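Here is a short report for a reader new to this structure. Please look through the model before reading on.

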Amino acid sequence: MWKPPERIKHSLPEATWPTREQAAGSRCFSPIEIGSVTLAERTWVPAMVPWRATEEGFVTPEVLAWYERFATGRPGALVVEATGIRDVPSGPLLRIGHDRFLDGLRELAATVRRASGGRTRLFIQLIDFLSIRRRPEPSKFLQRYLEITDRHRRALGADLSDDEIRELLLELPASRLAEVLSERELEALKFGARERVTDVDQPHIRELPQVLPGLFGAAAVRAQQAGFDGVELHYAHAYTMASFLSALNDRADGYGGSRQDRSRLALEVYRQVRRSVGANFVVGCRYLTEDCLADGSTVEDACFFGAEFAKAGLDFLSLSRGGKFEDAKPPKIGRAVYPYTGPSGYECMPTAISDAQGPFGRNLSPAAAVKAAVRNAGCTTPIVVSGGLCTFEQAEGVLERGEADIIGAARQSLADPDWFRKMRLGRGEEIRRCIYTNYCEGLDQMHKQVTCQLWDRLDLEADDVARSKDGKRRLTPPPWSPEDAQQQKDS
Ligand SMILES: Cc1cc2nc3c(=O)[nH]c(=O)nc-3n(C[C@H](O)[C@H](O)[C@H](O)COP(=O)(O)O)c2cc1C
Ligand code: SF4
(Lines give C-alpha, C1' and ligand atoms only; values in the text may rest on other atoms or scores of the structure.)
(Ligands and ions follow the chains in the order given, each with its own letter.)
Protein backbone atom coordinates (compact mmCIF):
# COMPACT_ATOMS: atom_id res chain seq x y z
CA MET A 1 0.00 0.00 0.00
CA TRP A 2 1.00 3.64 -0.48
CA LYS A 3 2.77 5.34 2.41
CA PRO A 4 3.55 9.04 2.87
CA PRO A 5 7.04 9.84 1.54
CA GLU A 6 8.17 11.11 4.96
CA ARG A 7 7.97 7.54 6.27
CA ILE A 8 7.99 8.56 9.94
CA LYS A 9 7.49 5.61 12.26
CA HIS A 10 4.93 6.53 14.91
CA SER A 11 4.65 4.78 18.28
CA LEU A 12 1.22 3.93 19.61
CA PRO A 13 -0.33 6.75 21.62
CA GLU A 14 0.41 6.29 25.30
CA ALA A 15 -2.55 4.94 27.16
CA THR A 16 -3.70 5.26 30.76
CA TRP A 17 -6.63 2.94 31.13
CA PRO A 18 -9.56 3.92 33.36
CA THR A 19 -10.57 2.14 36.53
CA ARG A 20 -14.00 0.58 36.48
CA GLU A 21 -15.36 3.59 38.37
CA GLN A 22 -13.73 6.08 36.01
CA ALA A 23 -15.18 4.21 33.04
CA ALA A 24 -18.62 4.21 34.63
CA GLY A 25 -18.48 7.99 34.98
CA SER A 26 -17.00 8.61 31.53
CA ARG A 27 -18.53 10.04 28.40
CA CYS A 28 -17.42 7.05 26.37
CA PHE A 29 -19.45 4.65 28.46
CA SER A 30 -22.54 6.82 28.71
CA PRO A 31 -25.62 5.99 26.63
CA ILE A 32 -26.78 7.80 23.52
CA GLU A 33 -29.94 7.69 21.47
CA ILE A 34 -29.80 6.90 17.79
CA GLY A 35 -33.17 7.30 16.16
CA SER A 36 -35.49 4.84 17.84
CA VAL A 37 -32.81 2.91 19.79
CA THR A 38 -30.42 3.64 22.63
CA LEU A 39 -26.79 2.58 22.56
CA ALA A 40 -25.66 1.49 26.02
CA GLU A 41 -22.33 3.18 25.37
CA ARG A 42 -20.74 5.38 22.71
CA THR A 43 -18.57 2.64 21.28
CA TRP A 44 -18.94 1.40 17.73
CA VAL A 45 -17.35 -1.34 15.62
CA PRO A 46 -17.47 -0.08 12.01
CA ALA A 47 -18.08 -2.38 9.04
CA MET A 48 -15.22 -4.71 8.09
CA VAL A 49 -15.47 -7.29 5.32
CA PRO A 50 -13.95 -10.55 6.62
CA TRP A 51 -14.49 -12.64 3.43
CA ARG A 52 -16.32 -15.47 5.12
CA ALA A 53 -19.58 -15.69 3.14
CA THR A 54 -20.16 -18.42 0.54
CA GLU A 55 -19.42 -17.70 -3.13
CA GLU A 56 -23.17 -17.12 -3.43
CA GLY A 57 -23.20 -14.54 -0.62
CA PHE A 58 -24.83 -16.64 2.13
CA VAL A 59 -24.05 -16.45 5.84
CA THR A 60 -21.74 -19.33 6.90
CA PRO A 61 -20.81 -20.74 10.33
CA GLU A 62 -17.58 -18.70 9.98
CA VAL A 63 -19.60 -15.49 9.49
CA LEU A 64 -21.62 -16.32 12.62
CA ALA A 65 -18.47 -17.07 14.63
CA TRP A 66 -16.88 -13.82 13.48
CA TYR A 67 -19.76 -11.60 14.59
CA GLU A 68 -20.37 -13.64 17.72
CA ARG A 69 -16.79 -12.91 18.71
CA PHE A 70 -17.24 -9.14 18.22
CA ALA A 71 -20.54 -9.26 20.08
CA THR A 72 -18.89 -10.93 23.07
CA GLY A 73 -17.00 -7.65 23.52
CA ARG A 74 -20.43 -5.95 23.88
CA PRO A 75 -19.78 -2.67 22.04
CA GLY A 76 -22.56 -0.09 21.88
CA ALA A 77 -23.02 -0.86 18.17
CA LEU A 78 -21.69 -3.38 15.70
CA VAL A 79 -22.00 -2.83 11.96
CA VAL A 80 -22.04 -5.92 9.76
CA GLU A 81 -19.77 -5.73 6.73
CA ALA A 82 -20.68 -4.15 3.38
CA THR A 83 -23.50 -6.38 2.11
CA GLY A 84 -24.58 -6.41 -1.54
CA ILE A 85 -28.11 -5.20 -2.29
CA ARG A 86 -28.37 -6.67 -5.78
CA ASP A 87 -29.20 -10.21 -6.72
CA VAL A 88 -26.04 -10.67 -8.77
CA PRO A 89 -22.98 -12.90 -8.19
CA SER A 90 -20.34 -10.97 -6.25
CA GLY A 91 -17.96 -13.62 -4.86
CA PRO A 92 -17.80 -14.27 -1.13
CA LEU A 93 -19.35 -10.92 -0.22
CA LEU A 94 -22.38 -11.13 2.02
CA ARG A 95 -25.63 -10.44 0.17
CA ILE A 96 -29.10 -9.19 1.04
CA GLY A 97 -30.55 -8.76 -2.46
CA HIS A 98 -33.14 -11.57 -2.26
CA ASP A 99 -35.38 -13.22 0.35
CA ARG A 100 -33.34 -16.44 0.13
CA PHE A 101 -30.63 -14.67 2.20
CA LEU A 102 -33.07 -13.99 5.04
CA ASP A 103 -32.63 -17.20 7.05
CA GLY A 104 -28.87 -16.74 7.37
CA LEU A 105 -29.21 -13.07 8.24
CA ARG A 106 -31.82 -13.91 10.87
CA GLU A 107 -29.40 -16.33 12.45
CA LEU A 108 -26.70 -13.68 12.36
CA ALA A 109 -28.88 -11.12 14.16
CA ALA A 110 -29.93 -13.72 16.76
CA THR A 111 -26.31 -14.77 17.32
CA VAL A 112 -25.20 -11.21 18.03
CA ARG A 113 -28.15 -10.59 20.33
CA ARG A 114 -27.36 -13.76 22.31
CA ALA A 115 -23.60 -13.19 22.50
CA SER A 116 -23.92 -9.58 23.63
CA GLY A 117 -26.62 -10.36 26.15
CA GLY A 118 -28.87 -8.02 24.15
CA ARG A 119 -26.53 -5.09 24.87
CA THR A 120 -25.12 -4.44 21.39
CA ARG A 121 -27.24 -2.73 18.72
CA LEU A 122 -26.74 -4.38 15.36
CA PHE A 123 -26.71 -2.58 12.03
CA ILE A 124 -25.88 -3.88 8.56
CA GLN A 125 -24.08 -1.88 5.90
CA LEU A 126 -25.89 -1.86 2.54
CA ILE A 127 -23.68 -1.46 -0.50
CA ASP A 128 -24.04 -1.03 -4.22
CA PHE A 129 -21.00 -1.14 -6.49
CA LEU A 130 -20.41 -0.99 -10.22
CA SER A 131 -18.67 -3.57 -12.32
CA ILE A 132 -14.92 -3.79 -12.29
CA ARG A 133 -12.82 -6.23 -14.31
CA ARG A 134 -9.50 -7.76 -13.43
CA ARG A 135 -6.39 -6.35 -15.08
CA PRO A 136 -6.13 -8.28 -18.36
CA GLU A 137 -3.17 -9.94 -20.09
CA PRO A 138 -2.16 -7.18 -22.57
CA SER A 139 -2.26 -9.55 -25.55
CA LYS A 140 -5.73 -10.81 -24.61
CA PHE A 141 -6.94 -7.27 -24.14
CA LEU A 142 -5.71 -6.12 -27.54
CA GLN A 143 -6.78 -9.28 -29.36
CA ARG A 144 -10.17 -9.82 -27.75
CA TYR A 145 -11.57 -7.22 -25.36
CA LEU A 146 -10.68 -3.95 -27.06
CA GLU A 147 -13.39 -2.69 -29.36
CA ILE A 148 -11.75 -1.37 -32.53
CA THR A 149 -12.93 2.17 -33.31
CA ASP A 150 -12.31 4.92 -35.83
CA ARG A 151 -9.72 6.38 -33.45
CA HIS A 152 -7.55 3.28 -33.94
CA ARG A 153 -8.18 3.23 -37.69
CA ARG A 154 -7.22 6.88 -37.99
CA ALA A 155 -3.97 6.22 -36.16
CA LEU A 156 -3.03 2.95 -37.87
CA GLY A 157 -4.70 2.79 -41.28
CA ALA A 158 -8.23 3.53 -42.41
CA ASP A 159 -8.47 0.53 -44.74
CA LEU A 160 -7.28 -2.12 -42.33
CA SER A 161 -9.54 -4.84 -40.97
CA ASP A 162 -10.12 -5.14 -37.23
CA ASP A 163 -7.77 -8.14 -37.10
CA GLU A 164 -5.02 -6.24 -38.89
CA ILE A 165 -5.43 -3.32 -36.48
CA ARG A 166 -5.17 -5.73 -33.54
CA GLU A 167 -1.96 -7.21 -34.98
CA LEU A 168 -0.45 -3.73 -35.30
CA LEU A 169 -1.52 -2.76 -31.77
CA LEU A 170 0.19 -5.85 -30.41
CA GLU A 171 3.49 -4.77 -31.90
CA LEU A 172 3.38 -1.12 -30.79
CA PRO A 173 5.84 0.07 -28.15
CA ALA A 174 4.17 1.23 -24.91
CA SER A 175 4.67 4.93 -25.64
CA ARG A 176 2.95 4.70 -29.05
CA LEU A 177 0.19 2.48 -27.65
CA ALA A 178 -0.51 5.19 -25.08
CA GLU A 179 -1.12 7.63 -27.96
CA VAL A 180 -3.31 5.32 -30.01
CA LEU A 181 -5.58 4.11 -27.20
CA SER A 182 -8.08 6.45 -25.54
CA GLU A 183 -7.65 7.30 -21.86
CA ARG A 184 -10.35 4.82 -20.84
CA GLU A 185 -8.89 2.06 -23.02
CA LEU A 186 -5.47 2.63 -21.54
CA GLU A 187 -6.98 2.47 -18.07
CA ALA A 188 -8.77 -0.78 -18.95
CA LEU A 189 -5.41 -2.20 -20.10
CA LYS A 190 -3.43 -1.09 -17.04
CA PHE A 191 -6.04 -1.46 -14.30
CA GLY A 192 -8.94 -3.49 -15.72
CA ALA A 193 -12.10 -1.87 -17.09
CA ARG A 194 -14.07 -0.01 -14.42
CA GLU A 195 -17.56 1.46 -14.76
CA ARG A 196 -18.24 4.97 -13.49
CA VAL A 197 -21.47 6.67 -12.49
CA THR A 198 -20.74 9.18 -15.24
CA ASP A 199 -20.93 6.56 -18.03
CA VAL A 200 -24.41 7.77 -18.91
CA ASP A 201 -24.17 6.44 -22.46
CA GLN A 202 -24.74 3.02 -20.83
CA PRO A 203 -28.46 2.59 -20.08
CA HIS A 204 -27.90 0.68 -16.82
CA ILE A 205 -25.67 3.49 -15.52
CA ARG A 206 -27.97 6.23 -16.76
CA GLU A 207 -30.85 4.57 -14.93
CA LEU A 208 -29.10 4.16 -11.57
CA PRO A 209 -31.18 6.97 -9.99
CA GLN A 210 -34.37 5.15 -10.99
CA VAL A 211 -33.16 1.72 -9.84
CA LEU A 212 -31.17 2.26 -6.66
CA PRO A 213 -33.81 3.66 -4.30
CA GLY A 214 -35.93 0.52 -4.79
CA LEU A 215 -32.96 -1.82 -4.33
CA PHE A 216 -31.83 -0.10 -1.13
CA GLY A 217 -35.42 0.03 0.11
CA ALA A 218 -36.00 -3.70 -0.44
CA ALA A 219 -32.67 -4.58 1.19
CA ALA A 220 -33.52 -2.46 4.24
CA VAL A 221 -36.85 -4.24 4.61
CA ARG A 222 -35.01 -7.57 4.61
CA ALA A 223 -32.63 -6.26 7.29
CA GLN A 224 -35.67 -5.32 9.35
CA GLN A 225 -37.30 -8.72 8.81
CA ALA A 226 -34.05 -10.44 9.80
CA GLY A 227 -34.03 -8.67 13.18
CA PHE A 228 -31.34 -6.02 12.75
CA ASP A 229 -31.77 -2.75 14.64
CA GLY A 230 -31.06 -0.70 11.56
CA VAL A 231 -29.09 -0.18 8.38
CA GLU A 232 -26.08 1.86 7.42
CA LEU A 233 -26.34 3.08 3.82
CA HIS A 234 -22.86 2.81 2.33
CA TYR A 235 -22.24 6.24 0.83
CA ALA A 236 -18.46 6.04 1.43
CA HIS A 237 -15.22 5.04 -0.28
CA ALA A 238 -15.07 3.85 -3.89
CA TYR A 239 -18.62 2.64 -4.43
CA THR A 240 -21.68 3.81 -6.34
CA MET A 241 -23.28 6.17 -3.85
CA ALA A 242 -19.98 7.82 -2.88
CA SER A 243 -19.26 8.33 -6.56
CA PHE A 244 -22.54 10.22 -6.93
CA LEU A 245 -21.56 12.47 -3.99
CA SER A 246 -18.05 13.04 -5.32
CA ALA A 247 -17.03 16.34 -6.91
CA LEU A 248 -15.81 14.17 -9.82
CA ASN A 249 -19.45 13.44 -10.68
CA ASP A 250 -20.40 15.74 -13.56
CA ARG A 251 -23.59 13.99 -14.68
CA ALA A 252 -25.83 16.52 -16.42
CA ASP A 253 -29.17 14.88 -15.57
CA GLY A 254 -29.74 16.57 -12.23
CA TYR A 255 -27.70 13.93 -10.34
CA GLY A 256 -24.24 15.48 -10.75
CA GLY A 257 -22.46 18.81 -10.85
CA SER A 258 -23.55 21.04 -7.97
CA ARG A 259 -23.42 19.79 -4.37
CA GLN A 260 -27.18 19.82 -4.28
CA ASP A 261 -27.50 17.67 -7.39
CA ARG A 262 -24.76 15.29 -6.28
CA SER A 263 -26.59 14.66 -3.00
CA ARG A 264 -29.96 14.20 -4.71
CA LEU A 265 -29.72 10.44 -5.19
CA ALA A 266 -28.41 9.91 -1.64
CA LEU A 267 -31.48 11.72 -0.33
CA GLU A 268 -33.86 9.88 -2.67
CA VAL A 269 -32.39 6.54 -1.58
CA TYR A 270 -32.80 7.54 2.06
CA ARG A 271 -36.42 8.63 1.57
CA GLN A 272 -37.30 5.38 -0.18
CA VAL A 273 -35.63 3.36 2.58
CA ARG A 274 -37.46 5.34 5.26
CA ARG A 275 -40.80 4.86 3.49
CA SER A 276 -40.08 1.14 3.30
CA VAL A 277 -39.08 0.52 6.93
CA GLY A 278 -41.09 3.15 8.82
CA ALA A 279 -39.98 5.48 11.59
CA ASN A 280 -38.96 2.88 14.17
CA PHE A 281 -36.00 1.39 12.38
CA VAL A 282 -32.59 3.04 12.43
CA VAL A 283 -31.41 4.36 9.06
CA GLY A 284 -28.01 6.04 8.97
CA CYS A 285 -25.25 6.35 6.44
CA ARG A 286 -21.49 6.22 6.19
CA TYR A 287 -19.89 8.84 3.99
CA LEU A 288 -16.63 10.71 3.53
CA THR A 289 -15.41 13.87 5.20
CA GLU A 290 -13.11 14.19 2.16
CA ASP A 291 -12.44 12.19 -0.99
CA CYS A 292 -8.73 12.91 -0.45
CA LEU A 293 -8.27 13.26 -4.24
CA ALA A 294 -6.94 16.32 -6.06
CA ASP A 295 -10.31 17.23 -7.63
CA GLY A 296 -12.50 15.29 -5.24
CA SER A 297 -15.01 16.37 -2.62
CA THR A 298 -13.74 18.47 0.25
CA VAL A 299 -14.76 18.93 3.85
CA GLU A 300 -16.99 21.83 2.71
CA ASP A 301 -18.90 19.36 0.54
CA ALA A 302 -19.13 16.98 3.50
CA CYS A 303 -20.52 19.77 5.69
CA PHE A 304 -23.18 20.53 3.09
CA PHE A 305 -24.08 16.84 2.73
CA GLY A 306 -24.13 16.33 6.50
CA ALA A 307 -26.61 19.16 7.02
CA GLU A 308 -28.83 17.88 4.18
CA PHE A 309 -28.73 14.28 5.44
CA ALA A 310 -29.51 15.35 8.99
CA LYS A 311 -32.39 17.59 7.93
CA ALA A 312 -33.80 14.76 5.82
CA GLY A 313 -33.93 12.59 8.96
CA LEU A 314 -31.01 10.15 8.78
CA ASP A 315 -30.51 8.74 12.28
CA PHE A 316 -26.71 8.81 12.34
CA LEU A 317 -23.81 9.92 10.18
CA SER A 318 -20.70 7.74 10.33
CA LEU A 319 -17.69 9.53 8.88
CA SER A 320 -14.80 7.91 7.06
CA ARG A 321 -12.35 9.42 4.56
CA GLY A 322 -10.67 8.56 1.24
CA GLY A 323 -10.52 5.01 -0.11
CA LYS A 324 -10.94 5.77 -3.83
CA PHE A 325 -10.20 3.99 -7.09
CA GLU A 326 -8.95 7.10 -8.85
CA ASP A 327 -5.50 7.15 -7.22
CA ALA A 328 -5.12 3.41 -6.61
CA LYS A 329 -2.06 1.51 -7.81
CA PRO A 330 -2.32 -0.65 -10.93
CA PRO A 331 -3.01 -4.23 -9.79
CA LYS A 332 -1.03 -7.24 -10.92
CA ILE A 333 -2.28 -8.90 -14.10
CA GLY A 334 -5.24 -11.12 -13.23
CA ARG A 335 -6.18 -9.06 -10.14
CA ALA A 336 -8.72 -6.29 -9.63
CA VAL A 337 -7.73 -2.77 -8.61
CA TYR A 338 -8.08 -2.20 -4.86
CA PRO A 339 -9.21 1.25 -3.71
CA TYR A 340 -6.94 1.42 -0.67
CA THR A 341 -3.54 1.35 -2.41
CA GLY A 342 -3.10 5.06 -3.13
CA PRO A 343 -2.90 8.23 -1.00
CA SER A 344 -6.69 8.34 -0.53
CA GLY A 345 -6.58 4.70 0.59
CA TYR A 346 -3.93 5.64 3.10
CA GLU A 347 -6.22 8.32 4.52
CA CYS A 348 -8.91 5.70 5.00
CA MET A 349 -6.74 3.18 6.85
CA PRO A 350 -3.52 4.96 7.84
CA THR A 351 -0.59 2.88 9.09
CA ALA A 352 2.04 3.53 11.75
CA ILE A 353 4.49 4.56 8.99
CA SER A 354 3.15 8.01 8.27
CA ASP A 355 3.80 11.71 7.82
CA ALA A 356 4.30 14.22 10.65
CA GLN A 357 0.58 14.17 11.48
CA GLY A 358 0.63 10.42 12.07
CA PRO A 359 -2.16 7.87 11.75
CA PHE A 360 -4.07 8.57 14.96
CA GLY A 361 -7.20 10.68 14.60
CA ARG A 362 -6.62 12.11 11.11
CA ASN A 363 -10.37 12.32 10.59
CA LEU A 364 -11.13 14.25 13.76
CA SER A 365 -10.90 17.83 12.65
CA PRO A 366 -12.94 17.26 9.43
CA ALA A 367 -15.47 15.32 11.51
CA ALA A 368 -15.70 18.24 13.94
CA ALA A 369 -16.44 20.54 10.99
CA VAL A 370 -19.22 18.24 9.77
CA LYS A 371 -20.67 18.00 13.24
CA ALA A 372 -20.69 21.80 13.56
CA ALA A 373 -22.49 22.09 10.21
CA VAL A 374 -25.10 19.55 11.33
CA ARG A 375 -25.66 21.40 14.60
CA ASN A 376 -25.85 24.74 12.75
CA ALA A 377 -28.60 23.21 10.67
CA GLY A 378 -30.50 22.68 13.93
CA CYS A 379 -30.06 18.89 14.05
CA THR A 380 -28.81 16.68 16.89
CA THR A 381 -27.98 13.71 14.63
CA PRO A 382 -25.21 11.63 16.25
CA ILE A 383 -21.86 11.69 14.47
CA VAL A 384 -19.66 8.58 14.48
CA VAL A 385 -15.97 9.07 13.75
CA SER A 386 -13.24 6.52 13.07
CA GLY A 387 -9.61 6.40 11.99
CA GLY A 388 -6.79 5.43 14.33
CA LEU A 389 -8.77 5.67 17.57
CA CYS A 390 -7.38 3.24 20.13
CA THR A 391 -7.11 4.74 23.62
CA PHE A 392 -9.45 5.91 26.36
CA GLU A 393 -7.84 9.38 26.36
CA GLN A 394 -8.50 9.78 22.64
CA ALA A 395 -12.10 8.67 23.02
CA GLU A 396 -12.80 10.93 25.98
CA GLY A 397 -10.99 13.83 24.30
CA VAL A 398 -13.10 13.50 21.14
CA LEU A 399 -16.32 13.44 23.15
CA GLU A 400 -15.26 16.18 25.53
CA ARG A 401 -14.24 18.54 22.73
CA GLY A 402 -17.47 17.64 20.95
CA GLU A 403 -15.73 16.57 17.73
CA ALA A 404 -18.07 13.59 17.42
CA ASP A 405 -20.62 11.72 19.53
CA ILE A 406 -19.59 8.09 19.07
CA ILE A 407 -16.17 6.43 18.85
CA GLY A 408 -15.64 4.02 15.96
CA ALA A 409 -12.66 1.68 16.09
CA ALA A 410 -12.27 -0.90 13.33
CA ARG A 411 -8.74 -2.30 13.45
CA GLN A 412 -8.35 -1.91 17.23
CA SER A 413 -11.56 -3.96 17.60
CA LEU A 414 -10.21 -6.55 15.17
CA ALA A 415 -7.00 -6.77 17.18
CA ASP A 416 -9.04 -7.14 20.37
CA PRO A 417 -12.83 -7.36 20.15
CA ASP A 418 -12.99 -7.13 23.95
CA TRP A 419 -11.11 -3.86 24.12
CA PHE A 420 -14.10 -1.62 24.86
CA ARG A 421 -15.32 -4.10 27.45
CA LYS A 422 -11.91 -4.38 29.07
CA MET A 423 -11.86 -0.58 29.43
CA ARG A 424 -15.35 -0.56 30.87
CA LEU A 425 -14.40 -3.21 33.43
CA GLY A 426 -11.21 -1.44 34.45
CA ARG A 427 -9.12 -4.14 32.78
CA GLY A 428 -7.46 -1.93 30.16
CA GLU A 429 -4.01 -3.41 30.89
CA GLU A 430 -5.20 -6.62 29.24
CA ILE A 431 -5.97 -4.94 25.89
CA ARG A 432 -4.17 -6.35 22.85
CA ARG A 433 -3.28 -3.16 21.04
CA CYS A 434 -3.43 -2.83 17.26
CA ILE A 435 -0.05 -1.89 15.83
CA TYR A 436 -1.46 -0.42 12.58
CA THR A 437 0.59 -2.47 10.10
CA ASN A 438 -2.39 -3.31 7.87
CA TYR A 439 -1.64 -7.01 7.63
CA CYS A 440 -5.44 -7.42 7.88
CA GLU A 441 -5.98 -5.03 5.00
CA GLY A 442 -3.47 -7.01 2.90
CA LEU A 443 -5.68 -10.08 3.39
CA ASP A 444 -8.76 -8.06 2.50
CA GLN A 445 -7.07 -6.92 -0.70
CA MET A 446 -6.53 -10.56 -1.74
CA HIS A 447 -10.10 -11.45 -0.70
CA LYS A 448 -8.58 -13.87 1.83
CA GLN A 449 -10.25 -14.57 5.16
CA VAL A 450 -9.30 -11.54 7.26
CA THR A 451 -7.44 -12.13 10.54
CA CYS A 452 -5.04 -10.14 12.74
CA GLN A 453 -1.35 -10.87 12.98
CA LEU A 454 -1.47 -10.40 16.75
CA TRP A 455 -3.67 -13.44 17.33
CA ASP A 456 -3.97 -15.60 14.24
CA ARG A 457 -1.15 -18.01 15.26
CA LEU A 458 -2.13 -18.31 18.94
CA ASP A 459 -3.09 -21.82 20.17
CA LEU A 460 -3.42 -22.85 16.56
CA GLU A 461 -3.17 -26.53 17.39
CA ALA A 462 -6.07 -26.60 19.88
CA ASP A 463 -8.91 -28.91 18.77
CA ASP A 464 -11.65 -26.31 19.02
CA VAL A 465 -9.90 -23.68 16.91
CA ALA A 466 -11.38 -23.03 13.45
CA ARG A 467 -8.63 -22.42 10.92
CA SER A 468 -8.32 -20.58 7.59
CA LYS A 469 -8.56 -22.50 4.33
CA ASP A 470 -4.77 -23.06 4.25
CA GLY A 471 -4.85 -24.20 7.91
CA LYS A 472 -2.20 -21.67 8.90
CA ARG A 473 -4.29 -19.11 10.76
CA ARG A 474 -7.05 -19.19 13.35
CA LEU A 475 -10.20 -17.42 12.21
CA THR A 476 -11.34 -15.71 15.40
CA PRO A 477 -9.42 -14.14 18.28
CA PRO A 478 -8.80 -16.35 21.31
CA PRO A 479 -11.66 -16.12 23.79
CA TRP A 480 -11.47 -13.78 26.77
CA SER A 481 -13.73 -13.58 29.73
CA PRO A 482 -13.27 -11.36 32.77
CA GLU A 483 -13.57 -14.35 35.10
CA ASP A 484 -11.01 -16.56 33.27
CA ALA A 485 -8.55 -13.71 33.00
CA GLN A 486 -8.87 -12.97 36.73
CA GLN A 487 -8.39 -16.63 37.63
CA GLN A 488 -5.24 -16.83 35.51
CA LYS A 489 -3.91 -13.72 37.23
CA ASP A 490 -4.66 -15.13 40.68
CA SER A 491 -3.16 -18.56 40.05
C1 LIG B 1 -10.28 -5.68 6.80
C2 LIG B 1 -11.05 -4.41 6.67
C3 LIG B 1 -12.28 -4.42 6.01
C4 LIG B 1 -13.02 -3.23 5.90
N5 LIG B 1 -14.27 -3.27 5.33
C6 LIG B 1 -15.04 -2.16 5.33
C7 LIG B 1 -16.40 -2.19 4.91
O8 LIG B 1 -16.96 -3.25 4.58
N9 LIG B 1 -17.11 -1.04 4.90
C10 LIG B 1 -16.57 0.14 5.34
O11 LIG B 1 -17.26 1.18 5.32
N12 LIG B 1 -15.30 0.21 5.78
C13 LIG B 1 -14.53 -0.91 5.80
N14 LIG B 1 -13.28 -0.85 6.34
C15 LIG B 1 -12.76 0.44 6.87
C16 LIG B 1 -13.00 0.51 8.39
O17 LIG B 1 -14.37 0.44 8.70
C18 LIG B 1 -12.43 1.82 8.99
O19 LIG B 1 -13.06 2.92 8.39
C20 LIG B 1 -10.92 1.95 8.78
O21 LIG B 1 -10.27 0.75 9.08
C22 LIG B 1 -10.34 3.08 9.64
O23 LIG B 1 -10.68 2.91 10.99
P24 LIG B 1 -9.65 2.27 12.07
O25 LIG B 1 -8.42 3.14 12.07
O26 LIG B 1 -10.39 2.28 13.36
O27 LIG B 1 -9.32 0.89 11.60
C28 LIG B 1 -12.51 -2.02 6.44
C29 LIG B 1 -11.29 -2.03 7.12
C30 LIG B 1 -10.56 -3.20 7.24
C31 LIG B 1 -9.25 -3.18 7.99
S1 SF4 C 1 -3.42 -6.99 11.50
FE2 SF4 C 1 -4.07 -6.58 13.58
S3 SF4 C 1 -2.46 -5.28 14.42
FE4 SF4 C 1 -2.24 -5.21 12.20
S5 SF4 C 1 -3.44 -3.43 11.57
FE6 SF4 C 1 -4.79 -5.20 11.39
S7 SF4 C 1 -5.86 -5.28 13.36
FE8 SF4 C 1 -4.08 -3.95 13.65
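In which hand does helix 14 pass helix 16? The crossing is right-handed. This is a predicted model, and every value below was computed from it.

## Two packed helices

Two numbers are useful here. Packed helices are described by the angle between their axes and by the distance between those axes.

Helix 14 covers residues 299–312, and helix 16 covers residues 364–376. They pack at an angle of about 40 degrees. Their axes lie 8 Å apart. Angles under 35 degrees would count as roughly parallel, and those from 65 to 115 as roughly perpendicular. The two helices are therefore oblique to each other.

## Domains

The domain assignment splits the chain into domain 1 and domain 2. Domain 1 is written in two pieces, 8–132 and 197–490. Domain 2 spans 138–191. Taken over C-alpha atoms, the centres of domain 1 and domain 2 are 41 Å apart.

## Around ligand 1

Ligand 1 is surrounded by 24 residues. The closest are Pro46, Ala47, Ala82, Ala410 and Arg411. Strand 5 (77–84), helix 18 and helix 20 each give two or more residues to this shell. Helix 20 has the largest share, with three residues.

What classes of residue make up the shell around ligand 1? There are 13 nonpolar, six polar and five charged residues.

## Around ligand 2

The shell around ligand 2 holds 13 residues. Arg411, Cys434, Tyr439, Cys440 and Cys452 are the closest. Arg411 is also listed among the closest residues to ligand 1.

Helix 18 (411–415) and helix 20 (439–445) each supply at least two residues here. Which helix gives the most to the shell around ligand 2? Helix 18 does, with three residues. By class, this shell has nine nonpolar, three polar and one charged residues.

## Two residues with positive phi

Arg7 has a phi near 50 degrees, a positive value in a residue other than glycine. Arg7 sits in the segment before strand 1. Is Arg7 buried or exposed? Arg7 has 9 C-beta neighbours inside 10 Å, so it counts as exposed. The cut-off for exposed is 12 or fewer.

Tyr436 also has a positive phi, near 55 degrees, and is likewise not glycine. Tyr436 lies in the loop between helix 19 (419–424) and helix 20. Its surroundings are another matter. Tyr436 counts as buried because it has 22 C-beta neighbours inside 10 Å. The cut-off for buried is 20 or more.

## Ser11 and Ala115

Ser11 is found in the loop between strand 1 (8–9) and helix 1 (20–24). With 8 other C-beta atoms within 10 Å, Ser11 is exposed. What separates Ser11 from Ile353? Along the chain, Ser11 and Ile353 are 342 residues apart. In space, their C-alpha atoms are separated by 9.3 Å.

Ala115 belongs to helix 3 (residues 102–115). Ala115 is buried, because 21 C-beta neighbours lie inside 10 Å. Ala115 and Gln260 are 145 residues apart in sequence. C-alpha to C-alpha, Ala115 and Gln260 are 43 Å apart in space.

Note on methods
Residues are numbered from 1 along each chain as its sequence is written. Chains are lettered from A and ligands numbered from 1 in the order in which they are written. This is a predicted model: local features need pLDDT of at least 70, side-chain atom pairs count only at pLDDT 80 or more; totals for chains, interfaces and linings use all residues. A residue is near a molecule or strand if its C-beta atom, placed from the backbone, lies within 6 Å of it. Helices (H or I, at least four residues) and strands (E, at least two) are DSSP runs, numbered from the N terminus. Ala, Val, Leu, Ile, Met, Phe, Trp, Tyr, Cys and Pro count as nonpolar, Asp, Glu, Lys and Arg as charged, and the others, Gly among them, as polar. Domain bounds come from an automatic or database domain assignment. Axes are lines fitted to C-alpha atoms, for helices over the stretch in contact, and angles run from 0 to 180 degrees between N-to-C directions. Angles under 35 degrees count as roughly parallel, over 145 as roughly antiparallel, 65 to 115 as roughly perpendicular and the rest as oblique. A crossing is left-handed if the near helix is turned anticlockwise from the far one by less than a right angle, and right-handed if clockwise.
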